[in-house]
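The exercises below are meant to be worked with the sequence and the coordinates open side by side. Each task is followed by a solution that goes step by step.

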Amino acid sequence: MAVDTNVVSAKPSKVEELKATSNGLMGRLAEELADPTTDHVSEEAYQLLKFHGSYQQDDRDQRQQRKREGRDRAWQFMVRTKFPGGRLTAEQYLLADELAGAYGNGTLRITTRQDFQFHGIGKANLKPLIRALNERWVTTYGGCGDIARNVVACPVADLLPGHPPELQTLAQQVSDRFLADSTAYYELWLDGEKILADGTRVRVTPRREESFYGPTYMPRKHKMAIGLPHDNCIDLFTNDLALEGVLDADGRLQGFNLIAGGGLGSTHGKAETFPRLGDRIGFVLPEQALRALEEATAIYRDYGDRSNRRHARLKYVLADRGVDWFRAELARRLGWELPPPAPVTTHGADDHLGWHRQVDGRWLVGVWVENGRIKDTPERPVRSGLRAIVAELRPELRLTAQQNIVLANIADADRPRVEALLAEYRLASGDGEAGLSRLRRYAMACPALPTCGLAVAESERFLPQVIDALEQRGLGAEQVVIRMSGCPNACSRPPTAEIGIVGRSLNLYHLYVGGNIAGTRLARLYQREVRGEALPDVLADLLERWQRERAPGEAFGDWADRVLVSVNDPVN
């Protein structure tokens, strides 16, 4: 793709102008949030609200009826936390559960970036919710917006053999480094206070300048990850920047391969947008990792497209200017050239479900949560079950990039009680438990309708029905990664799935095949505009054909890549 030499100098978008004049992300948020005459905020305020960790939404199930009745939309807000590496305490979990009931729709949503999302928040409840979270050292600052998002890392990197503990520590350090400087967040939500890690409350001195970001922050969202090649459970190559751990023969961390330019979102009908896997740029020692991320992020800050938001991610900087250009520019900023990437083992991935012995002798257990939605249903009271276990046993918790949850640091003596509570509440931690099939275990969907304003089709509410139909066809025992997204922004990562289902419009989906569980290959377009009611039959036919034709041990994604699509097929 040819380099667009006008990317940096083109006229900035309206959002860029808004950020530049926002007074450090404050804008008119204070006035609009305090206005009792309206239940929503203006578009300008909404753009700034994202940086504080919230999206303005409405209940789209009610939209048409309310319009016919001459009423405004049923406005509500989503609030997103930041848990670097997906790590939180029992106290933080119980608080989140309580707040979901007090201020939200009674559910918690685990995201693919190891966060919690609260849905159905009224405008008047935004401040009480965000303040209560900060009281227990849970921030929402940078949960959304044109800024460094939550830093994902292997959730069990400090717990299991072969998973070096430095990854979790580094995730927290990276998160701290890229937190915005502006005190607008603390002034808006905490009345000018900041709560330190030891519980001390300090008054902030108002500040609006950003030492790293500058007045316009990043061109778009910026996602970073820290993981391992033999357990790529966080999809390293789908992030703007990632650190791929390089281990010696004894499992000790030697350094990282820096990966740059990944990202999965695209826009239907816009050929200049596309999914892209990141490239290995070079090798960095552990003590160089944070500096390398700083300078690589600065390249994106300075060269990202600020005129066309669809073309504004770091992946397009590398696609347009080239990997060699990026390496040279990074070397110029660092003052040294990175050595070539180190060789690594074959990639694999683990969803960390089930019981595992920790390096310290205690136990962890990974618990499946369908599409990350922690809620109670008659068949599976997940929210009540998790609350009961956490309240009684007080484990540490880790959220996974597969939208599941890990209960950690469980003593030998407590394991039988945890097992009993899992069984009592029908919580599944592995194949066959509480009716969990392998096919359903590896399926994943984004929230989509009715809350997401970007969704053009169903996802979370529809994928379980598709899995039901496939199970009824006798296909539930197969391990196939199926991911569904209600739009091409790809929050559930369908472009790396063995089967990716992407909403095209209401009840229409594009079908992609040929990705892999290791996250090292993109799926490619197989069939356009499949109607929702036809999806089960189309998928069943593919899976049954794979069963007949596959080589011994051949995964569906490998077979589909070999048989169904060619290397020359477009990805969108």
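**Exercise 1. An edge strand and its partner**

Task: Determine which residue in β19 stands opposite alanine 445, and place the strands concerned within their sheet.

Solution. Step one is the local pairing: alanine 445 has methionine 484 of β19 opposite it. Step two is the sense of that pairing, for β18 and strand β19, which spans residues 482–485, run parallel to each other over two bridges. Step three adds the covering helix: α15 (residues 463–472) packs on the sheet with contacts to β18 and β19, and its direction makes about 150° with that of β19. Step four widens the view to the whole sheet, which is open, has five strands in the order β18-β19-β20-β21-β22, and shows mixed pairing. Both β18 (444–445) and β22 (524–531) stand at the edges with a single partner strand each, so one side of each is left without a neighbour in the sheet.

**Exercise 2. How far to trust the model**

Task: State what the mean pLDDT of the chain is, and say which stretches call for caution.

Solution. The model is a predicted one, and the starting point is its mean pLDDT of 95, with 97% of the residues reaching 70 or more. Over residues 1–7, however, the pLDDT is below 50, and this stretch has 10 contacts in the model beyond near neighbours in sequence. Residues 567–572 likewise have a pLDDT below 50, with 15 contacts beyond near neighbours in sequence.

**Exercise 3. The surroundings of histidine 119**

Task: Decide whether histidine 119 is buried or exposed, and then follow the polar contacts of its side chain.

Solution. Begin with the location, which is strand β5, covering residues 116–121. Because the relative accessibility of histidine 119 is 2%, under the 20% cut-off, this residue counts as buried. Next, consider the side chains: histidine 119 and glutamine 117 are joined by a polar contact of 3.1 Å. Glutamine 117 also belongs to β5 and, at 7% relative accessibility, is likewise counted as buried. From glutamine 117 a further polar contact, of 2.9 Å, leads to the side chain of arginine 80.

The contact lists complete the picture, leaving out residues up to four places away in sequence. Histidine 119 touches, among others, Gln57, Gly104, Arg373 and Thr451, while the residues touched by glutamine 117 include Arg80, Thr107 and Pro447. For one of these partners a backbone distance is available: the C-alpha atoms of histidine 119 and glycine 104 lie 5.5 Å apart, although 15 residues separate the two along the chain.

**Exercise 4. The sheet that contains β5**

Task: Find which residue in β5 is the bridge partner of isoleucine 110, and give the order of strands in the sheet.

Solution. The partner is phenylalanine 116, and the pairing to which this bridge belongs joins strand β4 (residues 108–110) and β5 in the antiparallel sense over three bridges. The open sheet has five strands in the order β1-β2-β5-β4-β15, with antiparallel pairing. At its edges stand β1 (54–58) and β15 (373–374), each of which pairs on one side only. Helix α5 (residues 90–103) lies across β4, β5 and β15 and runs at about 15° to β5.

**Exercise 5. A covered strand and the nonpolar cores**

Task: Work out how many of the seven residues of strand β10 are buried, and then identify which members of the largest nonpolar core touch the most other members.

Solution. Six of the seven residues of β10 (241–247) are buried. Strand β9 (residues 224–227) pairs with β10 in the parallel sense over four bridges, and glycine 227 stands opposite glutamate 244 there. With strand β11 (residues 253–260) the pairing of β10 is antiparallel, over seven bridges, and valine 246 faces glycine 255. Five residues lie between β10 and β11 in the resulting hairpin, where glycine 251 in the turn has a positive phi of about 80°.

Turning to the cores, the largest has 126 residues, of which Tyr93, Phe116, Phe118 and Ile226 touch the most other members. Apart from it lies another core of 31 residues, including Ala445, Leu463, Leu535 and Leu542. As a general background, nonpolar side chains in soluble globular proteins tend to be buried together.

Conventions:
Residues numbered from 1 in each chain as written. Heavy atoms only, no water. Pairing = 2+ DSSP bridges. Contact = heavy atoms within 4.5 Å. Axes fitted to C-alpha atoms, helices over the stretch in contact; angles between N-to-C directions. Core = buried A, V, L, I, M, F, W, Y, C linked by side-chain atoms within 4.5 Å. Buried < 20%, exposed > 50% of the residue type's maximum accessible area, 1.4 Å probe, protein only. Polar contact = N/O pair within 3.5 Å; in protein donor to acceptor, adjacent residues only side chain to side chain. pLDDT = per-residue confidence, 0-100.
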